[in-house]
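Please open the structure in your viewer and keep the selection panel at hand. The tour begins at the ligand and then turns to the fold and the backbone.

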Amino acid sequence: MQVDYYKVPSPSFVIDEERFRKNLAIIKHVSDESGAEIILAFKGFAMWGVFSILKEYVNGAAASSVHESRLCFEEIGSPAHTYSPVFRTNEFESILKYSSHVTFNSLNQYFKHSGSLLNYPQKISPGLRINPEYSETGYDLYNPCSPGSRLGVTATDLKKNGLPEGTEGLHFHVLFESDSYALEKVLQVVEAKFGMFFPKLKWINMGGGHLITRNDYDIVHLIKILKQFKHKTGLHLILEPGSAFAWETGELVATVEDITENQGIKTAILDVSFTAHMPDCLEMPYKPRILGATDPVPGKPTYRMGGNSCLSGDFVGDWSFDNELKPGDRIVFWDMIHYTMVKTTTFNGVQLPAIGIWTIDGKFRPIREFGYNDYKNRLS
Ligand SMILES: Cc1ncc(COP(=O)(O)O)c(C=O)c1O
């Protein structure tokens with residue numbers, strides 16, 4: 001049932017249960033058919049209030065910090081696959097407590113920590129992140145293989161130093177909102193550069209960036225290449241997408257509070273902020289879709305959307321609407337659940353959007369509201 005945006009609080013992030021379940025069913029289907037384990041990368045989506053639904057379909061998560069691995073342990077109910085560019089000694093004990101797999105970013109990190117991992121009473125599988133120095137990502141911000149990248153060990157370094165004793169898996173992450181054909185090319189590169197180490201390993205983690213739930217994703221092809229790779233290498237395959245889980249599952253609902261006009265430019269000032277609530281829009285930069293609006297059309301009412309922080313650049317533009325906007329109108333930003341929610345801040349003390357779910361029976365169920373203490377407690 002379609003979300004009624006006037007029946008949800010403003011501002012709020014609203015996930016649609018029906019669309020969420022549809023994504024989860026696709027992911028489970030790929031996992032069942034290919035034999036690959038697919039886990040959720042918390043960095044992209046960690047709205048644990050809906051994990052009771054998630055757990056009907058998947059039962060693992062990829063963590064990139066001790067907090068994420070603990071969240072996995074507590075809210076998914078299983079230990080995490082943890083990778084971080086660096087593990088600090090004072091938190092490594094907790095990483096071990098909450099993880100089943102720990103992947104190191106460098107050989108230094110491996111040798112620094114692997115002793116405590118191998119001596120730990122419960123079995124934890126050690127892995128190493130590799131850098132295949134090949135990526136199809138066009139955005140430098142999201143390209144782990146850009147020249148001089150700090151992420152992962154190159155084939156040259158691994159061949160020179162050898163695979164550390166005890167390593168059970170390799171991990172690579174090079175894709176960004178990619179299709180299965182990009183993965184196929186990456187697999188060829190990884191096999192050519194690192195295939196000599198495969199006989200010593202148990203698993204390979206293909207990172208994230210697999211946009212399995214996008215309408216045009218070729219799922220049949222993905223299943224085929226995963227099965228082939230598994231058959232050829234004998235390795236257990238792990239995929240850890242983040243975006244794919246929450247892709248197009250929900251919106252950020254905002255309200256027009258005021259309209260300003262300067263030198264012919266009209267700005268609708270909202271009860272949300274781009275810098276605090278949708279930072280990707282300014283970082284990428286990325287112009288989100290607004291329901292009922294289009295790119296500027298001459299002659300139609302056209303507005304910038306202005307955030308409610310004092311940052312001069314806290315606006316994105318422009319969109320055209322069928323009618324003039326007025327205070328009280330709802331503005332609905334499409335596809336604002338993955339990455340957007342996990343990156344919010346309380347910059348300027350602006351109100352954090354509430355969080356809720358639009359259930360399958362057409363009701364809004366609030367999950368979390370924020371107030372003064374959420375702002376205050378972060379600062380002293
Ligand atoms: C190591 C690693 N795994 C998984 C992911 C999830 O990627 P995505 O959300 O694009 O699927 C990322 C994203 O940055 C990542 O760095």
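Which atom of the ligand lies 2.7 Å from a polar side-chain atom of E240? Select E240 and the ligand together: the partner of that polar side-chain atom is a nitrogen atom of the ligand, at 2.7 Å, where a polar contact is a pair of N or O atoms within 3.5 Å. Before going further, note that this is a predicted model, in which local features need pLDDT of at least 70 and side-chain atom pairs count only at pLDDT 80 or more, whereas totals for chains, interfaces and linings use all residues. Residues are numbered from 1 along each chain as its sequence is written, and side-chain values use heavy atoms, with hydrogens and water left out.

Next, add G242 and S243 to the selection. A polar backbone atom of G242 is 2.9 Å from an oxygen atom of the ligand, and a backbone N or O atom of S243 likewise lies 2.9 Å from an oxygen atom of the ligand. Taken alone, the ligand exposes 400 Å², of which the protein buries 87% (accessible areas by the Shrake-Rupley method with a 1.4 Å probe).

Now widen the selection to the residues around the ligand, meaning those with a heavy atom within 4 Å of it; among them are K43, R129, H171, H173 and Y339. This shell divides into 3 nonpolar, 6 polar and 3 charged residues, with Ala, Val, Leu, Ile, Met, Phe, Trp, Tyr, Cys and Pro counted as nonpolar, Asp, Glu, Lys and Arg as charged, and the others, Gly among them, as polar.

Zoom out to the whole chain in cartoon view. The protein has 12 helices and 18 strands, taken as DSSP runs (H or I, at least four residues; E, at least two) and numbered from the N terminus. The C-alpha trace spans about 65 × 45 × 45 Å along its principal axes.

Finally, inspect the backbone. Most residues other than glycine have a negative phi, and most peptide bonds are trans. The M284 to P285 bond is cis, with omega near -15°, and P285 is found in the loop between α11 (280-283) and β14 (302-306). The bond from G317 to D318 is cis, with omega near -15°, and D318 is found in strand β15 (residues 315-320).

Note on methods: A polar contact is a pair of N or O atoms within 3.5 Å; within protein, one must be able to donate a hydrogen and the other to accept it, and residues adjacent in sequence count only if both atoms are side-chain atoms.
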